[in-house]
Amino acid sequence: MSSETVSGPASRQALSVLFSSTFAFTVCFAVWTMFSVLGVPLKTELALNETQFGLLIATPVLTGSLIRVPLGMLTDRFGGRIVFFLVLLVCVPPLYLMAHATTYAQFLILALFVGLAGGTFSVGTPYVARWFAPERRGFAMGVFGAGNSGSALNMFVAPLVIGAFGWTMLPKVYAALMLGTAVLFWLFSHSDPAHRMTGNVGILQQLAVLKDPRVWRYCQYYSVVFGGYVALALWITKYYVAEYGFDLTLAAFLAMIFSLPGGVLRALGGWFSDRFGAYTVTWWVMWVCWVCFFLLSYPQTQMTIQTLSGPVSLHIGLNATVFTILLFVVGVAMAIGKASVFKFISDDYSDNIGAVSGVVGLAGGLGGFILPILFGVLLDVTGVYSSAFMLLYGSVCVSLVFMHYSYRRAPRAGTELVEPDAG
């Protein structure tokens with residue numbers, strides 16, 4: 001038995017680790033995506049254009065992405081409990097200071113430090129996985145990944161706080177919440193020295209997984225299902241405000257309809273991946289996203305047709321109800337896809353989950369950083385709000401082509417992948 005895993009039924013300690021880690025990650029994800037709501041009043045107060053707004057909301061994602069690889073390695077070396085706890089504590093001061101920021105540059109700098117919260121994913125994933133037997137890891141990691149629903153928590157809490165006390169109160173509330181979470185996590189989590197990597201394994205040795213082409217494929221898939229999810233979670237509230245004229249509270253509530261299933265249903269994706277195989281599940285996730293993004297890409301269009309009876313005006317476009325339904329479907333698909341990609345990793349790299357999940361998480365996080373900026377650039381250039389979905393549609397097309405030519409066939413659950421160069 002590997003020193004990295006625990007065989008047999010999950011113990012009471014394992015369940016305590018799972019639920020305390022999931023709670024902590026949920027709070028971290030809410031903090032990580034706080035600018036999805038906070039950014040709307042700041043855009044007006046700081047007179048930002050769309051590109052500047054995109055950079056503001058994406059800045060925490062950059063830090064949370066870049067820190068994932070080193071945090072994953074630290075987790076392999078020292079254990080997830082202490083690393084998770086310290087990250088929670090480090091995020092408290094910059095959160096509180098954000099309430100006193102007055103310039104765009106100050107917000108960007110503080111957002112970089114707050115973004116550390118997003119790196120907890122690459123801490124919690126190996127930390128949780130090593131408490132469960134291989135046949136239960138997909139579900140366990142899916143439960144932990146449901147902490148992505150923290151973005152929905154943010155969309156519920158942030159408008160209420162801002163509406164009642166002003167935007168400056170929100171960072172203070174989140175600072176207190178993060179500090180309380182650190183205390184609760186330490187009280188209910190556990191450590192097992194057997195889960196740490198033994199020996200003097202250097203960074204270059206841990207990063208040797210990058211030589212494996214499978215890792216790069218998993219990075220590409222995750223940049224779509226996770227990077228796209230984060231980007232939309234950050235962008236959609238303002239989209240509702242600008243495109244449909246809703247107020248901040250209603251816009252955030254509708255955005256939560258996308259974010260909530262995108263987080264909580266990740267456990268379902270883990271179960272599907274255990275049952276049907278990671279490749280098959282990921283393949284169908286991409287197809288569902290492809291159809292939805294195609295429909296969401298169509299801009300609001302007003303046209304006039306000359307007929308025998310004179311000109312007839314037509315309006316083509318998605319109303320808010322259809323738009324929200326399609327977003328909900330995308331959120332469900334991305335939740336399942338996020339779990340299926342990490343099922344790939346747990347199957348192929350059970351002895352080095354920390355380093356590999358850190359690399360793949362980095363790719364997904366960078367997608368979540370780059371996409372909101374590109375959304376803003378496209379909007380500034382074209383003036384078409386649905387251009388964001390046009391970009392996502394193109395990225396899913398690339399993914400489908402890549403998956404099609406990566407394998408000769410989609411394997412059934414319990415069978416190995418047959419790759420083109422396998423011979």
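How many nonpolar, polar and charged residues does the lining of the largest cavity have, by class? In this predicted model, the lining of the largest cavity comprises 7 nonpolar, 2 polar and 1 charged residues. The structure as a whole holds 2 cavities of 30 Å³ or more, and the largest of them encloses about 50 Å³ of space. Its lining is made up of Y239, E243, Y244, L296, Y298, P299, Q300, L318, F323 and S386. Helix α14, which spans residues 227-244, provides the largest share of this lining, with 3 residues. Under the classes used here, Glu counts as charged, so that E243 of the lining is the residue behind the single charged entry in the tally. The two polar entries correspond in turn to Q300 and S386, because neither Gln nor Ser is listed among the nonpolar or charged types.

The second largest cavity has a volume of about 40 Å³, and its lining consists of F121, T125, M141, G142, R266, A339 and F342. Three helices, α8 (121-129), α9 (134-145) and α18 (320-348), each supply at least two residues of this lining. By class, the lining of the second largest cavity divides into 4 nonpolar, 2 polar and 1 charged residues. Since Arg counts as charged and Gly as polar in this scheme, R266 accounts for the charged member of the lining, whereas G142 falls among the polar members.

Strand pairing was examined for β1 and β2. Strand β1, formed by residues 301-307, and strand β2, formed by residues 310-316, pair in the antiparallel sense over 7 bridges. The connection between β1 and β2 is a hairpin, which passes through 2 residues. Within this pairing, I305 has V312 of β2 as its bridge partner.

On the surface, a nonpolar patch of about 580 Å² is made by L74, F78, I82, L86, L89, L179 and W186. Contributions to this patch come from α4 (68-78), α5 (80-90) and α11 (169-188), each of which supplies at least two residues. Among these helices, α5 gives the most to the nonpolar patch, with 3 residues, and L86, one of the residues that make the patch, is found in helix α5.

Terms used:
Residues numbered from 1 in each chain as written. Predicted model: local features only at pLDDT ≥ 70, side-chain atom pairs only at ≥ 80, totals over all residues. Heavy atoms only, no water. 1 Å grid on protein atoms, 1.4 Å probe; cavity = no way out; pocket = protein on both sides within 12 Å on 5 of 7 lines; lining within 4 Å. Points joined across faces, edges and corners; volume = space filled by probe spheres on them. Helix = DSSP H or I, 4+ residues; strand = E, 2+ residues; numbered from the N terminus. Pairing = 2+ DSSP bridges. Patch = residues over 30% accessible without salt bridge, like charges linked within 9 Å, V, L, I, M, F, W, Y side chains within 5 Å. Areas by Shrake-Rupley, 256 points an atom, 1.4 Å probe, with all protein chains shown as cover. Salt bridge = Lys/Arg side-chain N within 4 Å of Asp/Glu carboxyl O.
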